[in-house]
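Hi everyone, thanks for coming. Have a look at the structure on the screen, and I'll talk you through how its inside is put together.

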Amino acid sequence: MYQDFFGLDGEPFHITPDPRFFFLSPSHRESLAAIAYGVKNRKGFIAVTGEVGTGKTTVVRTFLEKYGGPGMKTVLVYNANITFANLLEIIFAELDLEPEANDQFRRVQQLHRHLIDLYGRGQTVVLIIDEAQNMPVRTLENLRMLSNLETTRDKLLQIILVGQPELDSLLERRELRQLKQRLAVRTRLAPLTPAESLQYIRFRLQKAGGTLKGTFTKGALKKIIEYAGGIPR
């Protein structure tokens, strides 16, 4: 009903991470560029952090839409609260690999061989772990084993950790210091400034076929921006 009333051809403020509505603030542009740089140059570990609702998942999906394709295999992990054995099962399933053994060490060796084969065929494998602040410390410790899978020049598996600011605190733990040292790229999404928030609202309306004029009064815009506190969601 409200779409017809305001002359819109879609919902301008739905909360699903639709790359079509991705607003490139300076912070978001920097994070997108950082991910692209890290993956393209096979840097290995990439960490993307930001408060709830700042658009971390949208940044990652925009990256996949813009840079993904036949030359990239992606493994998405949405539930980070898993064991390392569970993580290996997910990776094997997504890469259509049948485990040759139940032993964890031998599975990692098998994965290494498969990644070398894909690398030789020009394939890039990207492991994306969302809500990474929920991953158990033991699993993160073992994740370092996967970062060791490499050739003499390049990392064979690109790992993107996506999480809330608690992930930064988690990575400061002493038992994870070796993992932290392997983080080649770290980027953090900042809340929008008031000026960027206004641009964001205008951008979303335009994407849905609308305009600021006739949709929000100046007073309403001021209250929305104050209430949101720079958080797009």
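Let's begin with strand E4, which has both of its faces covered. On one side you've got Leu157, Ile159, Leu161 and Gly163, on the other Gln158, Ile160 and Val162, and they're all buried. Side chains in a regular strand point alternately to one face of the sheet and the other. With 7 of the 7 residues of E4 buried, this strand is largely enclosed by the rest of the structure. I should say that what you're seeing is a predicted model.

So who sits beside E4? E1 runs parallel to E4, and 5 bridges join the two. If you want to find that pairing on the screen, look for isoleucine 46, whose bridge partner in E4 is isoleucine 160. E3 also pairs with E4 in the parallel sense, over 5 bridges. Here valine 126 has glutamine 158 of E4 as its bridge partner. And E3, H6 and E4 together make a right-handed β-α-β unit.

Now the nonpolar core. The largest one has 37 residues, and those with the most contacts inside it are Leu111, Leu127, Ile129, Leu143 and Leu146. Strands E1, E2, E3 and E4 each give two or more residues to this core, and so do helices H4, H5, H6 and H7. H4 provides the largest share, 5 residues.

Let's zoom in on leucine 127. What is this residue in contact with, leaving aside its neighbours within four places in sequence? Val75, Val77, Leu87, Ile91, Leu143, Leu146 and Leu157 are on the list, and then come Gln158, Ile159 and Ile160. There's another core lying apart from the largest one, with 19 residues, among them Val39, Ile46, Val60 and Val185.

Okay, on to the empty space. A probe the size of a water molecule, rolled over the atoms, shows where such space is left. Searching the whole structure turns up 1 cavity of 30 Å³ or more. The largest cavity holds about 100 Å³ of space. Its lining includes Leu76, Val77, Ile128 and Val162, and H3 gives the most to that lining, with 4 residues.

Last stop, the largest pocket, with a volume of about 720 Å³. It's lined by 34 residues, and the closest to its centre are Gly53, Tyr200, Arg204, Pro232 and Arg233. Helices H3, H9 and H10 each supply at least two residues of this pocket's lining.

That's my tour, thanks for listening.

Note on methods:
Residues numbered from 1 in each chain as written. Predicted model: local features only at pLDDT ≥ 70, side-chain atom pairs only at ≥ 80, totals over all residues. Heavy atoms only, no water. Core = buried A, V, L, I, M, F, W, Y, C linked by side-chain atoms within 4.5 Å. Buried < 20%, exposed > 50% of the residue type's maximum accessible area, 1.4 Å probe, protein only. Contact = heavy atoms within 4.5 Å. Pairing = 2+ DSSP bridges. Right-handed = clockwise from strand over helix to strand, strands pointing away. 1 Å grid on protein atoms, 1.4 Å probe; cavity = no way out; pocket = protein on both sides within 12 Å on 5 of 7 lines; lining within 4 Å. Points joined across faces, edges and corners; volume = space filled by probe spheres on them.
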